[in-house]
Amino acid sequence: MTTKSSVTRRTLLKSAGAAALAAPLYSKSALASSGEVNILMWSDYLPPAFIEGFEAKTGIKVNYTGIGSNEEIINKMKATKGQGFDIVSPTNNRSLQWGPLELLKPFDMNKVNIDAVNPAMAKIGTSAWNFEGAGVHWLPHIWGTEGVAYRTDKWLPEGDAPSYGDIWAEENAGKTMGRAHSMMLGAGLYMEAAGEMDEGSVWAAYGDEDTMREVWGQITDWCMARKNRIKLIWNDADSQKNGLLNEGVVVGQTWDGPPLALKAAGEPVHYQAPVEGAMAWVDGMSMPVGAKNEEQVYAFIDYAFGQEAAGKAIDSHGYNSPVLGADTYSGDVYKKNFAEAYPGDSLANLNPWPAEAPWYAEVRTEFVNKFKSA
């Protein structure tokens, strides 16, 4: 049994030739040319050059608050009742958590050049994030994966690709890292591949709480028995980079951006989709109900959906852009790193993060806390 997400492996990365979504007439006439915009976004998504370019073009000041998890975004918005920020950046699979909170308002799609982005990713907003039929509450901004990074001067996988199991292997004890909840999910995928858990169990756990508790109980017991092999539990991009460069980590389960940024800078670091399949996500842009600078928001979206700005940004942060043609403005290093991170059929074997119901996130936290406190 597997749960079906609204975006499949293939539709997530469907080519630009796919039929585009019907979109209202796009107009720049109302876009702002002064003021400020307050953004709550992942800590490495807006490189200084991107912000400087936007401010120079529009005259709008960016107030950027970096975060490291979806929980930070949700908790901050719940605490302030949706006030204090104009743009927040939830991940595509969190729609079931955001909908009932009623903390976001829909975009005026007449002011959004939605045809500039991959139609399969744009469709996420019109399907999963169209709350109560009120309209699109989410736009795609950056996509990437979570897989395996390693120090090429200190460790190499046995085969053509690494495995999530390498994070927990006895040979790497004391030299690995991961983010608790996704590292545990990766362990589950490895357990399935190794025959230590029924195939499809990890995805079936998203379907109902009883199944989830049974599956995650097995995963947690397995991980707790190997917890002493984990050196570092990271929580943001900087801690991933620091682990690989300064903390003695030789292999870790990470996002693609941080290790690829290190690789682009000449460090002996490689990132690759594991044999079990990398986890794929799309982080978006949403507008809280308390947003005060709406026209500045649309100006920011317009700039972010520009090919040149998006292409130059991915050279810096190492993630990928949904903007069609953005890669033509990226450098050869990005293109080379992308090809080496996803060789062979890696892109066809991506695992999109399934949508998480509120109960799933709450129960998972119980098991994560049990593991972390062991």
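**Helix packing and buried side chains in the predicted model**

Helices H10 and H13 lie oblique to each other. The structure described here is a predicted model. In it, H10 spans residues 257-264 and H13 spans residues 332-341, and their axes come within 10 Å and cross at roughly 125 degrees. This crossing angle is neither in the range of 65 to 115 degrees, which counts as roughly perpendicular, nor over 145 degrees, which counts as roughly antiparallel, so the pair is classed as oblique. The crossing of H10 and H13 is right-handed. On the H10 side, the contact is made by Leu260, Lys263 and Ala264, which meet Val333, Asn337 and Glu340 of H13. By class, three of the residues in this contact are nonpolar, one is polar and two are charged.

A second helix pair is formed by H8 (residues 209-224) and H14 (residues 358-373), whose axes come within 10 Å and cross at roughly 20 degrees. Because angles under 35 degrees count as roughly parallel, H8 and H14 are assigned to that class. Their crossing, too, is right-handed. From H8, the residues in contact are Glu209, Met212, Arg213, Trp216, Gly217, Thr220, Asp221, Cys223 and Met224, and from H14 they are Trp359, Tyr360, Val363, Arg364, Glu366, Phe367, Lys370 and Phe371. The contact comprises nine nonpolar, two polar and six charged residues.

Arg364, one of the H14 residues in that contact, is also touched by arginine 94. Arginine 94 is located in the loop that runs from strand E3 (87-88) to helix H4 (95-98). With a relative accessible area of 3%, arginine 94 is buried, since the cut-off for burial is under 20%. Besides Arg364, and with residues up to four places away in sequence left out, arginine 94 touches Asn70, Glu71, Trp129 and Glu356.

Arginine 151 belongs to strand E5 (residues 139-151) and likewise counts as buried, at 10% relative accessibility. Its side chain reaches the backbone oxygen of leucine 244 at 2.7 Å. Beyond four places in sequence, the contacts of arginine 151 are with Leu244, Leu245, Val249, Val250, Pro268 and Val269. Leucine 244 is thus both a contact of arginine 151 and the residue whose backbone oxygen its side chain reaches.

Strand E5 is also among the elements that cover the buried residues of helix H12. H12 covers residues 307-317, and its buried residues are Ala309, Ala310, Gly311, Ala313, Ile314 and His317. The covering elements include, in addition to E5, helix H2 (48-58), helix H11 (294-304) and the two helices H10 and H13. Just after H12, glycine 318 adopts a positive phi of about 85 degrees.

Helix H5 (residues 119-127) has Pro119, Ala120, Met121, Ala122, Ile124 and Gly125 as its buried residues. At the start of this helix, asparagine 118 places a side-chain oxygen within 2.8 Å of the backbone nitrogen of alanine 120. Alanine 120 is itself one of the buried residues of H5.

Methionine 287 lies in strand E11 (residues 287-288). Its relative accessible area is 0%, and it is therefore buried. Proline 106 is 181 residues away from methionine 287 in sequence, while the C-alpha atoms of the two residues are 7.2 Å apart in space. Proline 106 is among the residues touched by methionine 287, as are Leu103, Leu104, Lys105 and Phe107. The other contacts of methionine 287, residues up to four places away in sequence not being counted, are Asp86, Glu294, Val297 and Tyr298.

Positive phi values were also found in residues other than glycine. Lysine 81 has a phi near 55 degrees and is placed in the loop between helix H3 (70-80) and E3. Lysine 81 is exposed, its relative accessible area being 62%. Glutamate 132 also has a phi near 55 degrees, and it occurs in the loop between H5 and E5. With a relative accessible area of 81%, glutamate 132 is exposed, as the cut-off for exposure is over 50%.

Notes
Residues numbered from 1 in each chain as written. Predicted model: local features only at pLDDT ≥ 70, side-chain atom pairs only at ≥ 80, totals over all residues. Heavy atoms only, no water. Helix = DSSP H or I, 4+ residues; strand = E, 2+ residues; numbered from the N terminus. Buried < 20%, exposed > 50% of the residue type's maximum accessible area, 1.4 Å probe, protein only. Contact = heavy atoms within 4.5 Å. Polar contact = N/O pair within 3.5 Å; in protein donor to acceptor, adjacent residues only side chain to side chain. Axes fitted to C-alpha atoms, helices over the stretch in contact; angles between N-to-C directions. Left-handed = near helix turned anticlockwise from the far one by under 90°. Nonpolar A, V, L, I, M, F, W, Y, C, P; charged D, E, K, R; others polar.
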